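Colleague: I am new to this one and would like to know what stands behind the terms people use for it. Could we go through them together?

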Amino acid sequence: MSSPAEFYRSLPPISKAYGTICVLATTAFQLGLYDFRSIALVHKLVFSHFQVWRLITNFFFLGNFSINFGIRLLMIARYGVQLEKGPFERRTADFLWMMIFGALTLLVLSAIPIFWSPFLGISLVFMLVYVWSREFPNANVNIYGLVALKAFYLPWAMLALDVIFGSSIMPDLLGIIAGHLYYFLTVLHPLAGGKNILQTPRWVHKVVARWRIGAPPPSSRTQPAPGTGGTTFRGRSYRLSG
């Protein structure tokens, strides 16, 4: 069994960086080093007082140290890591672009009053859960040791639990919307014969290459064989390790 340090070093770069920043942000808040309101997404302050950092910092606060914070961190450690080691293996730029696109989508949605939230990190994490459920639709998932189901239904089951426990469904719902938009544009639409209009920009590849983030990409991207991922439910037939 690996030590915590070995486990941390084994994590892929983007998931590790995002999870680490989230932990540091909450730790600094718990120590009283800053007021969480100074990093919240408040559109009036962004546009009237040019506090543009709020467009980014709001994604790194997942709440106080609590059970819910731990669950969200575990989501990154499981679903984000399995995505980055599976469908996005040796495609660090593509995974980073997925996160950037998700963040941009959530920012646009948050401009609609009914969708506004001061912190969008929870929604970004739930986007990872949604995309994972589409890439590994037939994986078996157990929720709190009570309910066993296929991964395809996981986001909806978690949404239902929020309703049962009286929690707000808006963060999860925003994550589902952002995740489905990404998956539709990059997987479902191309599989149906359309063009992939959401290809990773060249500047993202340059950033990853410049900072040597992750493993070098393969010489040619492997496409799913015809018939292996052509339905909405089957995903792209990736296997879970371990």
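Modeller: Gladly! Let us start with helix α2 (residues 13-30) and helix α5 (residues 67-85), whose axes come within 8 Å and cross at roughly 165°. This is a predicted model, where local features need pLDDT of at least 70, side-chain atom pairs count only at pLDDT 80 or more, and totals for chains, interfaces and linings use all residues. Residues are numbered from 1 along each chain as its sequence is written, and side-chain values use heavy atoms, with hydrogens and water left out.

Colleague: Why are α2 and α5 called roughly antiparallel to each other?

Modeller: Angles run from 0 to 180 degrees between N-to-C directions, with axes fitted to C-alpha atoms over the stretch in contact. Under 35 degrees counts as roughly parallel, over 145 as roughly antiparallel, 65 to 115 as roughly perpendicular, and the rest as oblique. The α2 and α5 axes cross at roughly 165°, so the pair is roughly antiparallel.

Colleague: Which residues make the contact between α2 and α5?

Modeller: Contact means heavy atoms within 4.5 Å. On α2 the residues include Tyr-18, Cys-22 and Val-23, and on α5 they include Phe-69, Leu-73 and Glu-84. The residues of this contact divide into 9 nonpolar, 4 polar and 1 charged.

Colleague: What makes α7 and α8 oblique to each other?

Modeller: Helix α7 (residues 121-135) and helix α8 (residues 154-165) pack at about 140°, with axes 8 Å apart. That angle falls in none of the named ranges, so the two are oblique. Phe-126, Val-129, Tyr-130, Trp-132 and Ser-133 in α7 meet Leu-154, Pro-155, Trp-156 and Met-158 in α8. The contact residues divide into 8 nonpolar, 1 polar and no charged.

Colleague: And why is α6 called oblique to α9?

Modeller: The axes of α6 (residues 92-110) and α9 (residues 170-191) come within 9 Å and cross at roughly 130°, which makes α6 oblique to α9. Among the contact residues are Met-98 and Phe-101 of α6, with Leu-181 and Tyr-182 of α9. They divide into 10 nonpolar, 3 polar and 1 charged.

Colleague: Which residues does UniProt list as "transmembrane region"?

Modeller: The unreviewed UniProt entry lists 17-34, 55-76, 96-129, 141-161 and 173-192. In the model, residues 17-34 are 78% helix and 0% strand, with end C-alpha atoms 21 Å apart.

Colleague: How do you know how confident the predictor is in the protein chain?

Modeller: pLDDT gives the predictor's confidence in each residue, from 0 to 100. The chain's mean pLDDT is 90, and 90% of its residues reach 70 or more. Over residues 221-234, however, the pLDDT is below 50. Where pLDDT is low, the predicted coordinates should not be read in detail.

Terms used:
Helix = DSSP H or I, 4+ residues; strand = E, 2+ residues; numbered from the N terminus. Nonpolar A, V, L, I, M, F, W, Y, C, P; charged D, E, K, R; others polar. UniProt positions renumbered as here; feature names shortened; annotations may be inferred.
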